Amino acid sequence: MNVKKLIGAALFAIIANGAFASESEGNSLSWAPGDGISYNETSILSTEATLNFHSKYMSYGVVYGNDPILVPGVCATFFDWAYIGVESIFDLTKGNGKGFGYGNRAGKYTTIDAFVGLAHEFDLGETIGTLSVDFGYMYEYFTRNTQKVEDGCIWDSQYLMLEMSLDGHWLVPTLYVERDLMYDNGTYASLTLGHEFEIYDGLTLTPSIGQGLGNSLRTKGYFAELDKYAEKGFNHGGLMDTTIKVELEYAINDWLTFGAYVAYYDYLFDDKMREAAAAYNAQWGSRSDKTWNFVGGLSLTASF
């Protein structure tokens with residue numbers, strides 16, 4: 001997938017959206033900040049640009065990078081159904097590359113994730129609520145500077161992803177299932193329960209708790225190559241990461257939203273998995289030889 005063309009198309013869509021702002025109110029084709037282009041109140045195109053900062057690079061509840069990362073992204077949605085987008089991970093210091101063996105990538109990208117999918121909300125009535133379904137495909141590209149060339153290892157992967165949530169209840173359940181098609185052929189799933197509190201007009205606070213589950217191929221992809229398991233490998237599926245998170249969002253205006261979060265990650269329920277997670281995190285130094293981590297982050301989202 002040509003990432004430059006994708007980004008260019010998304011930027012063109014954003015500029016094109018702005019052209020409709022001057023249209024008369026009587027025109028059936030219209031644009032509104034935060035809603036995108038619509039025709040007779042039917043959404044045609046909306047675009048979203050995001051910029052996320054994370055104090056650590058976490059993946060499946062273990063430390064993938066001990067230093068901060070920056071994640072910009074852009075996504076275009078058509079007719080409230082189909083979407084296409086791209087996001088990238090940038091190292092902000094040389095620490096992650098030094099610790100993970102791919103050199104100094106400070107200020108440079110390490111991965112590009114290009115994705116497409118279908119997403120829609122279905123109103124199932126007052127009793128059941130609103131079902132949101134998102135099914136997508138993603139190709140994860142690692143810049144070739146990050147490859148462990150001496151091992152002949154290519155870190156690229158492809159994923160099929162399904163996310164479903166049921167809104168309209170005090171506790172909102174969200175189920176996420178991911179299938180790796182290239183790197184380890186593993187399957188990962190997580191169930192999250194959360195509730196949104198409106199603190200003030202445009203300001204919300206959402207605490208949540210989630211639990212991850214991985215099959216043996218998924219966990220083997222992360223833990224089997226550790227020195228601790230180098231000879232006998234790691235072939236144990238089960239309960240993985242537990243996440244407790246508190247998110248804060250403030251709608252600055254109709255199209256711009258500021259966010260912040262703090263999260264606690266741990267491996268709580270499986271002794272073998274706890275041992276493996278501690279060994280994985282210990283790659284970042286003796287002080288990191290633990291299963292738990294506190295991480296925080298900031299975000300800015302612009303919708304057009």
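Which residue forms a salt bridge with Asp-266? Arg-274 does, as the second view below shows, with the closest N and O atoms 3.8 Å apart. Keep in mind throughout that this is a predicted model.

**View 1. The whole chain, for orientation, with its 4 helices and 17 strands.** Start here before zooming in. The protein chain has 304 residues, and 39% of them count as buried. About 16,500 Å² of the chain is exposed, with carbon and sulfur atoms supplying 58% of that area. If you look at contacts with a separation of 6 or more, 54% of them come from residues 24 or more positions apart.

**View 2. Asp-266 and Arg-274 pair up in a salt bridge.** Side chains of opposite charge can pair when their charged atoms come close. In this pair, the closest N and O atoms sit 3.8 Å apart. The two partners are covered to differing degrees: Asp-266 counts as buried because its relative accessibility is 4%, under the 20% cut-off. Arg-274 has a relative accessible area of 29%, so it is partly exposed. A search of the whole structure turns up 3 salt bridges, and the others come in the next view.

**View 3. Glu-178, Asp-184 and Arg-218 are linked in a network of salt bridges.** Put Arg-218 in the middle of your screen and pick out its two partners. With Asp-184, the N to O distance is 2.3 Å. This pair links distant parts of the chain, since Asp-184 is in the loop between E11 and E12 while Arg-218 is in helix H3, 34 residues apart. With Glu-178, the closest N and O atoms are 3.7 Å apart. Here too the pair joins distant parts of the chain: Glu-178 belongs to strand E11 (residues 172-180) and Arg-218 to helix H3, 40 residues apart. As for cover, Arg-218 and Glu-178 are both buried, and Asp-184 is buried as well.

**View 4. Helix H4 (residues 271-281) gives the largest share of the largest nonpolar core.** That core has 39 residues, and the ones with the most contacts inside it are Phe-223, Tyr-267 and Tyr-280. H4 supplies 5 of the core residues. The buried residues of the helix are Met-273, Ala-276, Ala-277, Ala-278, Ala-279, Tyr-280 and Asn-281. What lies over them includes strand E5 (62-65), helix H2 (95-100), helix H3 (216-223), E15 and strand E17 (293-303). Now zoom in on Tyr-280: beyond its neighbours within four places in sequence, its contacts are Val-62, Val-63, Tyr-64, Phe-100, Tyr-222, Phe-223 and Leu-226. At the start of H4, look for a side-chain oxygen of Asp-270, which reaches to within 3.0 Å of the backbone nitrogen of Lys-272.

**View 5. Tyr-267 sits in the loop between strand E16 (256-266) and H4.** Is this tyrosine, Tyr-267, buried or exposed? Tyr-267 is buried, because its relative accessible area is 1%. Its side chain reaches the backbone oxygen of Tyr-60 at 2.5 Å. Leaving out residues up to four places away in sequence, Tyr-267 touches ten-odd neighbours' worth of surroundings that include Gly-61, Val-62, Phe-223, Met-240, Met-273, Ala-277 and Thr-291. Arg-274, the salt-bridge partner of Asp-266, is also among the residues Tyr-267 touches. So is Asp-241, whose C-alpha atom is separated from that of Tyr-267 by 4.9 Å, although the two are 26 residues apart along the chain.

**View 6. A nonpolar patch on the surface has about 890 Å² of accessible area together.** Its members are Trp-170, Leu-171, Leu-193, Phe-197, Ile-199, Tyr-200, Ile-209, Ile-244 and Leu-248. Strand E13 (197-200) and strand E15 (238-251) are the elements that give two or more residues. Of these, E13 gives the most, with 3 residues. Leu-193 is found in strand E12 (residues 187-194), and it counts as partly exposed because its relative accessibility is 35%.

**View 7. Ser-43 lies in strand E3 (residues 42-54).** With a relative accessibility of 14%, Ser-43 counts as buried. Apart from residues up to four places away in sequence, Ser-43 touches Ile-37, Ser-38, Phe-79 and Asp-80.

How values were computed: Residues are numbered from 1 along each chain as its sequence is written. This is a predicted model: local features need pLDDT of at least 70, side-chain atom pairs count only at pLDDT 80 or more; totals for chains, interfaces and linings use all residues. Side-chain values use heavy atoms; hydrogens and water are left out. Patches are made of residues with over 30% relative accessible area and no salt bridge: like charges are joined within 9 Å, nonpolar side chains (Val, Leu, Ile, Met, Phe, Trp, Tyr) within 5 Å. Accessible areas come from the Shrake-Rupley method with a 1.4 Å probe; for residues, only the protein chains shown count as cover. A salt bridge is a side-chain nitrogen of Lys or Arg within 4 Å of a carboxyl oxygen of Asp or Glu. Buried means under 20% relative accessible area, exposed over 50%, partly exposed in between (1.4 Å probe, protein chains only). A nonpolar core is a set of buried Ala, Val, Leu, Ile, Met, Phe, Trp, Tyr and Cys residues joined through side-chain atoms within 4.5 Å. Contact means heavy atoms within 4.5 Å. A polar contact is a pair of N or O atoms within 3.5 Å; within protein, one must be able to donate a hydrogen and the other to accept it, and residues adjacent in sequence count only if both atoms are side-chain atoms.
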